[in-house]
Amino acid sequence: MKALDEELRGALRRLQPPEGFADRVRQRVESEGRFARHQPTRATGAMRWALAATLVVAAGGGLWYRAEEQRRLQGEEAKRQVLLSLSIAGTKLKAIEMKVNHGEER
Amino acid sequence: MGTALANAELDTAPEPLDAHDFDALIARHQSMVFSIAFHFLQDRSAAEELAQDVFLQLYRHLHNLQSADHVMFWLRRVTAHRCIDRGRRRHFKMRALDGVPEPEAPAVPVDPLLTRRLRSLIGDLPDPARIAVVLRYQEDLTPDEIARVLDRPVATVKSQLQRALKTLREQLVRVIGDPRGYYR
């Protein structure tokens with residue numbers, strides 16, 4: 001039992017990592033630092049969300065304004081047509097009235 | 001060396017470690033981290049990659065660590081868990097161990113063929129037992145300490161170690177023989 005323990009300790013003794021290991025770790029730390037500087041921070045992330053929300057609100061407002069404008073123009077067109085119809089009807093009534101009056105005079 | 005690590009060595013009031021301590025920590029613990037990874041994975045480049053990942057994670061967590069003992073425990077724990085995760089993701093094929101650098105001459109003479117055979121047999125152990133054996137015989141941890149590192153009950157660790165040793169003994173006797181009952 002003790003023999004196996006000793007053999008295991010021998011087989012599992014600590015080894016040195018490949019040469020330059022520490023330098024490669026430092027390089028990875030530095031490159032991660034550079035990468036992290038270009039990553040969005042929490043503040044820039046919030047600003048992006050705010051900008052996106054503003055764009056959505058602006059686009060929604062624009063669509064709503066356009067729909068309202070279209071409805072107003074349609075209303076004005078309908079009003080103009082009603083007035084035109086009333087005007088035509090008035091003219092016709094006036095012509096009939098003149099005919100009736102002219103008949104009575106005879 | 002940073003103030004925190006110097007304080008930790010002098011046993012003064014602990015304070016969080018910083019980037020200045022990092023180089024000293026790599027120098028001090030690279031052998032331990034690499035060896036745990038190598039003995040578990042039995043693949044030199046995979047072990048180096050894993051060890052680099054561990055130190056990168058250490059760099060990000062430096063501010064949470066306050067003493068040399070805490071760093072040691074944290075490194076063993078993170079390395080062991082990363083090894084187990086890596087083992088779950090892929091099955092490592094045994095590679096020739098000839099390229100592995102041998103350390104300075106050990107105090108006890110070691111038979112290189114037996115060492116190679118033993119490492120190979122350790123590589124065949126199930127992942128949970130293998131990491132327990134590595135921590136027991138590389139790091140000389142007690143079953144209690146291994147249980148804390150691996151987040152396992154002590155009884156589980158003891159049973160895994162016993163079964164692993166039984167398997168290793170049987171395999172070793174079967175492969176190299178034991179006419180004088182040396183391993184029994």
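This is a tour of a predicted two-chain model, moving from the chains to their interface and then to the helices of chain B.

**Stop 1: the two chains**

Start with chain B alone. Chain B holds eight helices and zero strands, so the DSSP definition of an element yields nothing but helices in its pattern, α-α-α-α-α-α-α-α. Of its 184 residues, 49% are buried. Among the contacts in chain B with a separation of 6 or more, 62% are between residues 24 or more positions apart.

Now switch to chain A. Chain A has three helices and zero strands, and its elements run α-α-α from the N terminus on. Buried residues make up 16% of the 106 residues in chain A.

**Stop 2: the interface**

Show both chains and select the residues of each that touch the other. The selection should hold 24 residues of chain A and 46 residues of chain B. Between them the two chains bury about 3600 Å², and 62% of that area is on carbon and sulfur atoms. Next, pick out A:Leu12, A:Arg14 and A:Leu15: these supply 22% of the area that chain A buries against chain B, more than any other three residues.

**Stop 3: polar side chains of chain B that meet chain A**

Select B:Ser35, which is placed in helix α2 of chain B. Is B:Ser35 buried or exposed? Its relative accessibility is 0%, so B:Ser35 counts as buried. Leaving aside residues up to four places away in sequence, B:Ser35 touches A:Arg14, A:Leu15 and B:Gln138. Two of these names return from the previous stop, since A:Arg14 and A:Leu15 belong to the trio that supplies 22% of the area chain A buries.

Stay in helix α2 of chain B and move to B:Gln30. B:Gln30 has 16% relative accessibility and therefore counts as buried, the cut-off being under 20%. With residues up to four places away again left out, B:Gln30 touches A:Gln16, A:Pro17, A:Phe21 and A:Ala22 in chain A, and B:Leu25 and B:Phe55 in chain B. For a distance label, use the C-alpha atoms of B:Gln30 and B:Val54: these residues are 24 apart along the chain, and the atoms are separated by 9.9 Å.

Then select B:Gln52, in helix α3 (residues 44-60) of chain B. Which residues does B:Gln52 touch, not counting residues up to four places away in sequence? They are A:Phe21, A:Arg24, A:Val25 and A:Arg28. B:Gln52 counts as buried because its relative accessibility is 10%. A:Phe21 is a neighbour of B:Gln52 and also of B:Gln30.

**Stop 4: helices α2 and α4 of chain B**

Select residues 22-41 and 68-89 of chain B, which are helices α2 and α4. Their axes come within 10 Å and cross at roughly 25°. Angles under 35 degrees count as roughly parallel, and α2(B) and α4(B) are therefore roughly parallel to each other. The crossing is right-handed.

Show side chains where the two helices meet. On α2(B), the residues in contact include B:Leu25, B:Met32, B:Val33, B:Ile36 and B:Phe40. On α4(B), they include B:Val71, B:Met72, B:Leu75, B:Cys83 and B:Ile84. Coloured by class, the contact of α2(B) with α4(B) has 13 nonpolar, three polar and three charged residues.

**Stop 5: helix α6 of chain B**

Select residues 127-137 of chain B, helix α6. How many of its eleven residues are buried? Nine are, and the helix is mostly covered. The buried residues include B:Ile131, B:Val133, B:Val134 and B:Leu135, and also B:Asp127, B:Arg130 and B:Tyr137.

**Stop 6: helices α7 and α8 of chain B**

Finish with residues 143-150 and 154-176 of chain B, helices α7 and α8. Their axes come within 8 Å and cross at roughly 110°, which means that α7(B) is roughly perpendicular to α8(B). This crossing is right-handed.

The contact is formed by B:Pro143, B:Asp144, B:Ile146 and B:Ala147 in α7(B), which meet B:Val154, B:Val157, B:Lys158 and B:Leu161 in α8(B). By class, these residues divide into six nonpolar, no polar and two charged.

Key. Residues numbered from 1 in each chain as written. Chains lettered and ligands numbered in written order. Predicted model: local features only at pLDDT ≥ 70, side-chain atom pairs only at ≥ 80, totals over all residues. Heavy atoms only, no water. Axes fitted to C-alpha atoms, helices over the stretch in contact; angles between N-to-C directions. Helix = DSSP H or I, 4+ residues; strand = E, 2+ residues; numbered from the N terminus. Parallel < 35°, antiparallel > 145°, perpendicular 65-115°, else oblique. Left-handed = near helix turned anticlockwise from the far one by under 90°. Contact = heavy atoms within 4.5 Å. Nonpolar A, V, L, I, M, F, W, Y, C, P; charged D, E, K, R; others polar. Buried < 20%, exposed > 50% of the residue type's maximum accessible area, 1.4 Å probe, protein only. Buried area = accessible area lost by both parts, 1.4 Å probe.
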